[in-house]
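Work through the exercises below with the structure open beside you. Each task is followed by its solution.

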Amino acid sequence: MQQIKAHLDQIATISNVDWDFFNSKLQRRVIKKKAVFLKLNEIENHISFIESGVVRLFIPKEDPEKEITFGFSFKNQFISAYDSFLTQKPSAYQLQALTETTILSITYADLQEVYKKTQIGNLIGRLTAERLFLIKSKREQNLLNLSAEERYLKLFKERPELLKIIPLKYISSYIGVTAQALSRIRKRI
């Protein structure tokens, strides 16, 4: 619980009363390695903070080799099928733990209560949403402005530990190339 407190303290000062109320709504969940914990067409009812582990966001396909990985989230980051969470409509993608992952989750209903009953709830919600938007925007800009090789190099400059954790088939999908093209990029580097 201290990790999420430290993370939120970077965003804003939280009174002990507000923190205690928010903390009472959090549920710790341990997700097994490779487990899909939000499936296609399910409604996302949680926003979660990753205490440890790595989560992949992906669009499943009948042929698993054609799945589209479009995001990863790591320790000390929030994870959610956020569009489904906000609209309370079915998700168009899935969330999968790539490693054993421990998350702290709050339900949609409980978060609405935090917004209503605390002084800091709305500020934390807005700032968290802004951070998620910036991550999404940066990803889109990289896809539009950088070559596949530049996207690969940038990914590993920012997150060098990925190579040890994330299978190359997910990395190739994430940077928008085939596994063969990624292999060629890696040979050139």
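The exercises go from the whole chain of this predicted model to single residues.

**Exercise 1. Overall build**

Task: State how many helices and strands the protein chain has, and decide why its radius of gyration does or does not agree with that of a compact globule.

Solution:
- The protein chain holds nine helices and eight strands.
- For 189 residues, a compact globule would have a radius of gyration near 16 Å; the chain has 18 Å, which agrees.
- Along the principal axes, the C-alpha atoms fill a box of roughly 55 × 35 × 30 Å.
- Of the contacts in the chain with a separation of 6 or more, 70% are between residues 24 or more positions apart.

**Exercise 2. Surface and charge**

Task: Find what share of the residues is buried, what share of the exposed area carbon and sulfur atoms supply, and how many positive and negative side chains there are.

Solution:
- Buried residues are 44% of the 189 residues.
- The chain exposes about 10,800 Å², and 53% of this comes from carbon and sulfur atoms.
- There are 30 positive and 20 negative side chains. The centres of the two sets lie 5 Å apart.

**Exercise 3. Helix H5**

Task: Work out what span helix H5 (residues 121-145) should have and compare it with the distance between its end C-alpha atoms. Then list which of its residues are buried.

Solution:
- Helix H5 has 25 residues, and at 1.5 Å a residue it should span 36 Å.
- The end C-alpha atoms of H5 are 36 Å apart, so the two values agree.
- The buried residues of H5 are Gly121, Ile124, Gly125, Leu127, Thr128, Ser137, Arg139 and Asn142.
- For reading such a list, recall that an α-helix has 3.6 residues a turn, so residues three or four places apart point the same way.

**Exercise 4. Three residues by accessibility**

Task: Place Ser84, Glu150 and Gln77 in the fold. Classify each as buried, partly exposed or exposed.

Solution:
- Ser84 sits in helix H3 (residues 82-87). Its relative accessible area is 2%, so Ser84 is buried, the cut-off being under 20%.
- Beyond residues up to four places away in sequence, Ser84 touches Glu42, Ile43, Glu44, Lys89, Pro90 and Ser91.
- Glu150 belongs to helix H6 (residues 148-158). At 42% relative accessibility, Glu150 is partly exposed.
- Glu150 and Ile175 are 25 residues apart along the chain, with 9.4 Å between their C-alpha atoms.
- Gln77 lies in the loop between strand S5 (68-73) and strand S6 (78-79). With 21% relative accessibility, Gln77 counts as partly exposed.
- Setting aside neighbours within four places in sequence, Gln77 contacts Ser48, Phe49, Ile50, Phe72 and Arg159.
- Gln77 and Glu100 are 23 residues apart in sequence, and their C-alpha atoms are 15 Å apart.

**Exercise 5. Positive phi**

Task: Give the phi angles of Lys34 and Gln88, then say where each residue lies and how exposed each is.

Solution:
- Start from the general rule: most residues other than glycine have a negative phi.
- Lys34 is not a glycine, yet its phi is positive, about 75 degrees. Lys34 lies in the loop between strand S1 (27-31) and strand S2 (36-38). Its relative accessible area is 60%, so Lys34 is exposed.
- Gln88 is not a glycine either and has a positive phi of about 55 degrees. The loop between H3 and strand S7 (94-97) contains Gln88. At 27% relative accessibility, Gln88 is partly exposed.

Terms used
Residues numbered from 1 in each chain as written. Predicted model: local features only at pLDDT ≥ 70, side-chain atom pairs only at ≥ 80, totals over all residues. Heavy atoms only, no water. Helix = DSSP H or I, 4+ residues; strand = E, 2+ residues; numbered from the N terminus. Rg over C-alpha atoms; globule rule 2.2 N^0.38 Å. Buried < 20%, exposed > 50% of the residue type's maximum accessible area, 1.4 Å probe, protein only. Contact = heavy atoms within 4.5 Å. Areas by Shrake-Rupley, 256 points an atom, 1.4 Å probe, with all protein chains shown as cover. Lys, Arg positive; Asp, Glu negative; His and termini not counted. Charge placed at Lys NZ, Arg CZ, Asp CG, Glu CD. Expected span 1.5 Å × (residues − 1).
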